[in-house]
Amino acid sequence: MNMIENYCDAVVRFLKHKEEIHKEVEEMIYSMLEEKYGEKTQYSDEEIADVLKKLGNPNILALKYTNLPNHIVGEKYIYHFYYCYIFLLMIIVVGNLFGFVFGTIEEPHDVIAYFAKFFASCFTGALAGFGALALVFMGIEASKKDIRELGNYNPMSLKKVKKPNPNSGKYKIADSVLGIVFTVFFMLLLNLSPEIIAIYTKSAVIPVLNLEYLREVIWLLNLIYLTGIGIHIFKLASREKTIGKILGFYVIDLLSCVLATIVVANSRFFNPEFLTFLRQADSVNELFIKYGDVLIQRVMMAGIGLAVLGYTIELIVSMTQLLLRREKR
Amino acid sequence: MQEIVDSIVQELRRGTVVIAVMSQLKTDQYGYSLLAKLNDEGFPIDQGTLYPLLRRLESQKILTSSWDVRETRPKKYYSLTDFGKDVYEELIREFSKLMESILQLTEGRERKL
């Protein structure tokens, strides 16, 4: 029984409509067993292996279900190609991220230029990597014998495919990667070149933040950033959503909001020259007169309030999706 | 020579497998019974080709399917939809025209020889 299950799992591993195709393939196998060995409640391993061998390599059968074009890389190596390319992409992103970090440390004033370079390098690296990898695999294919070699697979040695927990969803890789990239960017910006966040007029550059106060509280902001990066790395390493993770991350996000509130609620957060510049506009000045000097802090805290609302909505949606998935099961 | 002939015959079969499969689905058939019928009628096809093809035809709304769970092991039965029947009639017309053309071409060539 395990051999049949392993075979079906191997076929549907990368397919859509996994459940339906799994049932179809299972039906196919049992029909073949019944035809050759008669209708039985249980079949021996040798009988099952014989039928699975006739059915052929599960990767080839899976490809027939996808109608994938395989002009660049053939059926034999197409999955290897995809695996290698994903791995290559990760190396390109991590390598460029290191380049961005060290480049910014060396030249802090060019943080935005390095950030733009990071994205450009990732994009060109992804294209170049695809081309190079395709050439390598084309060469491997050309040098090897034909695809009938794949028929020499051994059904008895099919590994058990690790199936994801059917009750859970998954955290998206792209969300976590983008989260890490932008968190690193803002962390470097605030640590190395906070003066860039400024109003640029013809006569002066007015930093938005109070740089002296920022230096006092930067450790707290870094703690928030590093916590965020840690959460994203954890999500990449263990992508399955569980109730525990959803609740845990929600609590951490709330704590981060509390810490952020401590920082921005201080009247010293903004540069007094920036506030003076803002008050030059009559409408803004009227607001300051009406609500007092704490107006900006209230706006910032309203922003944090919106973030908390966003996290709460995300919590409710994620929990509902998980619970509905469990019920469906 | 045989290898070349075999590979061309394989292409011919690939071009006509859809008509062959559809011709047997005016009544409900499950995958393996359809396979056996086609093999008996001299149109050998392997499971790894038939089952994905049935799925593809279903996604094109040419076939419809349902699981029969009454037996010991559930079986998926296929049959032509009304749209599938229209497609099949059209395919038969086109195939007949093609056959006529081929016969004219081959008989004409023999006459010249």
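This passage walks through how some helices and strands of chains A and B fit together in a predicted model.

A good place to start is the sheet in chain B. Three strands make up this open sheet, lined up in the order E1-E3-E2, and their pairing is antiparallel. In general, the strands of a sheet pair through backbone hydrogen bonds, and the pairing can be parallel or antiparallel. Out at the edges sit strand E1 (29–30) and strand E2 (63–68) of chain B, each of which pairs on one side only. E2(B) is joined by six bridges to strand E3 (residues 75–80) of chain B, and these two strands run antiparallel. To pick out one pair, Ser65(B) has Tyr78(B) in E3(B) as its bridge partner. Chain A gets involved here too: its helix H2 (residues 18–37) packs on the sheet and touches E1, E2 and E3 of chain B. The direction of this helix makes about 100° with that of E3(B).

The same chain A helix turns up again in a salt bridge. Glu24(A) forms a salt bridge with Arg55(B), and the closest N and O atoms are 2.6 Å apart. Since Glu24(A) lies in helix H2 of chain A and Arg55(B) in helix H3 of chain B, the pair joins two chains. Over all chains, the count comes to 12 salt bridges.

Helix H3 of chain B has another chain A helix to deal with. Helix H4 (residues 58–66) of chain A packs against H3 (residues 47–59) of chain B at an angle of about 25°, with the axes 8 Å apart. Angles under 35 degrees count as roughly parallel, so H4(A) and H3(B) are roughly parallel to each other. H4(A) passes H3(B) in a right-handed crossing. On the H4(A) side, the contact involves Leu61(A), Lys64(A) and Tyr65(A), which meet Gly48(B), Thr49(B), Tyr51(B), Pro52(B) and Arg55(B) in H3(B). Sorted by type, the residues of this contact split into four nonpolar, two polar and two charged. Arg55(B), then, appears both in this contact and in the salt bridge with Glu24(A).

Within chain B, H3(B) also packs against helix H2 (residues 31–40), this time at an angle of about 125° and with the axes 10 Å apart. That makes H2(B) and H3(B) oblique to each other, and their crossing is right-handed. Gly31(B), Tyr32(B), Leu34(B) and Leu35(B) in H2(B) meet Gln47(B), Leu50(B), Tyr51(B) and Leu54(B) in H3(B). Here the contact residues come out as six nonpolar, two polar and no charged.

How values were computed:
Residues numbered from 1 in each chain as written. Chains lettered and ligands numbered in written order. Predicted model: local features only at pLDDT ≥ 70, side-chain atom pairs only at ≥ 80, totals over all residues. Heavy atoms only, no water. Axes fitted to C-alpha atoms, helices over the stretch in contact; angles between N-to-C directions. Helix = DSSP H or I, 4+ residues; strand = E, 2+ residues; numbered from the N terminus. Parallel < 35°, antiparallel > 145°, perpendicular 65-115°, else oblique. Left-handed = near helix turned anticlockwise from the far one by under 90°. Contact = heavy atoms within 4.5 Å. Nonpolar A, V, L, I, M, F, W, Y, C, P; charged D, E, K, R; others polar. Pairing = 2+ DSSP bridges. Salt bridge = Lys/Arg side-chain N within 4 Å of Asp/Glu carboxyl O.
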